[in-house]
Amino acid sequence: EREKSRRCSHPGHAMALQSATFFPCGTRFVTSGEDGLVKVFDSSTLALEGSLEHAEASAPEGDVFGTHVSPDASRIASCGCDGLVKIWDATTFALVHSLESPSEGGVEVFCVRFSPDGMQVA
């Protein structure tokens, strides 16, 4: 008999979830949503470890579409409707860098990834 699928619920985002990605070690994961937030959770307990404001949820460009964690797990990258890529410290949750889209007028950024050495984002 097939095992019934179970839904996992936890207090996450007030609006739709856009992305989720695990840290390389698998003990934490990062989510992003339409509420303009990036959140970090413990994988085993689902406890919220940090909440980062990428954009204001009330702004028309509030959606955060993607997240990625650097290979050494020291940084989190987020991207969204506002055309920004933001780099966060994965321990203190402080904003480290904010990069604007090189396109005139800004363009929504749907995906962000760290290079294998963690020194660049694309």
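**Pocket, sheets and confidence in a predicted model**

In this predicted model, the largest pocket has a lining of 14 residues, and those nearest its centre are Arg75, Phe114, Gly118, Met119 and Gln120.

Me: What makes a residue one of the 14 that line the largest pocket?

Reply: A lining residue has an atom within 4 Å of a point of the pocket. The largest pocket has 14 such residues, including Arg75 and Phe114. The space in this pocket comes to about 210 Å³.

Me: How do the residues of this lining divide into nonpolar, polar and charged?

Reply: Six are nonpolar, five are polar and three are charged. Under the definition used, Phe and Met count as nonpolar, Arg as charged, and Gly as polar. Therefore Phe114 and Met119 belong to the nonpolar group, Arg75 to the charged group and Gly118 to the polar group.

Me: Why are β5 and β8 said to stand at the edges of their sheet?

Reply: The sheet is open and has four strands in the order β5-β6-β7-β8, paired in the antiparallel sense. β5 (64–69) and β8 (95–100) each have a single partner strand, so one side of each is left without a neighbour in the sheet. On average, neighbouring strands here are turned by 15° against each other, direction ignored.

Me: How do you know that β5 and β6 count as a pair?

Reply: Two strands pair if there are at least two bridges between them. β5 and β6 (residues 75–80) have five bridges in the antiparallel sense, so the condition is met. Within this pair, valine 64 has glycine 80 of β6 as its bridge partner.

Me: What joins β7 to β8, and which residue in the turn has a positive phi?

Reply: These two strands form a hairpin with five residues between them, and phenylalanine 93 in the turn has a positive phi of about 65°. β7 (residues 84–89) pairs with β8 over five bridges, in the antiparallel sense. Tryptophan 88 stands opposite leucine 95 in β8.

Me: Which strands are the edge strands in the sheet β1-β2-β3-β4?

Reply: This open sheet has four strands with antiparallel pairing. Its edge strands are β1 (17–22) and β4 (48–53), since each pairs on one side only. β3 (residues 37–42) is joined to β4 by five bridges, and lysine 39 has serine 51 in β4 as its bridge partner.

Me: What makes β1 and β2 a pair, and what do they form?

Reply: At least two bridges are required; β1 and β2 (residues 28–33) have five, in the antiparallel sense, and therefore they qualify. Alanine 20 stands opposite threonine 31 in β2. The two strands form a hairpin with five residues between them, where glycine 26 in the turn has a positive phi of about 85°.

Me: How confident is the prediction, and where is the pLDDT below 50?

Reply: The average pLDDT of the chain is 83, and 80% of the residues score at least 70. Residues 1–10 have a pLDDT below 50, and this stretch has five contacts beyond near neighbours in sequence. Where pLDDT is low, the predicted coordinates should not be read in detail.

Note on methods. Residues numbered from 1 in each chain as written. Predicted model: local features only at pLDDT ≥ 70, side-chain atom pairs only at ≥ 80, totals over all residues. Heavy atoms only, no water. pLDDT = per-residue confidence, 0-100. Contact = heavy atoms within 4.5 Å. 1 Å grid on protein atoms, 1.4 Å probe; cavity = no way out; pocket = protein on both sides within 12 Å on 5 of 7 lines; lining within 4 Å. Points joined across faces, edges and corners; volume = space filled by probe spheres on them. Axes fitted to C-alpha atoms, helices over the stretch in contact; angles between N-to-C directions.
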